[in-house]
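Colleague: I would like a close look at a single part of this model. Please take me through the neighbourhood of one residue, then the strands and the cross-link.

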Amino acid sequence: QVQVVESGGGLVQPGGSLRLSCAASGNIRSIVARGWYRQGPGKQREFIARILSGGITNYADSVKGRFTISEDSASNTWYLQMSSLESDDTAVYYCEAARNNPIWTEYWGQGTQVTVAS
């Protein structure tokens, strides 16, 4: 089992920045992917960014150039640095950890609210 806990959400003005953190515990050695998703009001959960073992990163087109995912393996934590925030970025942000042994399994945090408003 893997447990993940997000932190760092809050209220930020348009154009501002915010950094989210996700701390993992449990069977962390088996994690092969660390990601971020979000669910805006009335919307489905959508992929934001992912970092794979080896450091390869993927981003949704909507956040490329504005958001950066990174990790600190020593503390089993990964981050989502968000810049140039827009009102459309308002959502509950979830971190995700994925294992592929023995089968692909995803673990989710409880979510952290990010509200972009003036």
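Modeller: What follows starts at one threonine, then turns to the disulfide and ends with a sheet. Keep in mind that this is a predicted model.

Start with Thr112. Where does Thr112 sit? Its place is in strand β11, which covers residues 112-116. Is Thr112 buried or exposed? Its relative accessible area is 11%. The cut-off for buried is under 20%. Thr112 is therefore buried.

Now look at what surrounds Thr112. Leave aside residues up to four places away in sequence. Thr112 then touches Glu6, Ser7, Gly8 and Gly9. It also touches Leu20, and Ala91, Val92 and Tyr93. One of these partners deserves a second look. A polar atom of the Thr112 side chain lies 3.2 Å from the backbone nitrogen of Gly9. Tyr94 gives another distance to check. Thr112 and Tyr94 are 18 residues apart in sequence. In space, their C-alpha atoms are 6.6 Å apart.

Next comes the cross-link. How many disulfides does the model have? The count comes to one. This disulfide joins Cys22 to Cys95, with the two sulfur atoms 2.0 Å apart. Cys22 lies in strand β3, residues 18-26. Cys95 lies in strand β9, residues 91-99. The pair therefore ties together parts that are 73 residues apart in sequence. Both Cys22 and Cys95 are buried. The torsion about their S-S bond is about 55 degrees, so the disulfide is right-handed.

Strand β3 leads on to a sheet. Which strands form this open sheet, and in what order? There are four, in the order β1-β3-β8-β7. Their pairing is antiparallel. The edges are held by β1, residues 2-7, and β7, residues 67-72. Each of these edge strands has a single partner strand, so one side of each is left without a neighbour in the sheet. From one strand to the next, the twist averages 20 degrees.

Finish at the β7 edge. The partner here is strand β8, residues 77-82. Six bridges join β7 to β8, and the two run antiparallel. You can find one facing pair for yourself: Ser70 stands opposite Tyr79 in β8.

How values were computed. Residues numbered from 1 in each chain as written. Predicted model: local features only at pLDDT ≥ 70, side-chain atom pairs only at ≥ 80, totals over all residues. Heavy atoms only, no water. Buried < 20%, exposed > 50% of the residue type's maximum accessible area, 1.4 Å probe, protein only. Polar contact = N/O pair within 3.5 Å; in protein donor to acceptor, adjacent residues only side chain to side chain. Contact = heavy atoms within 4.5 Å. Pairing = 2+ DSSP bridges. Axes fitted to C-alpha atoms, helices over the stretch in contact; angles between N-to-C directions. Disulfide = S-S within 2.5 Å.
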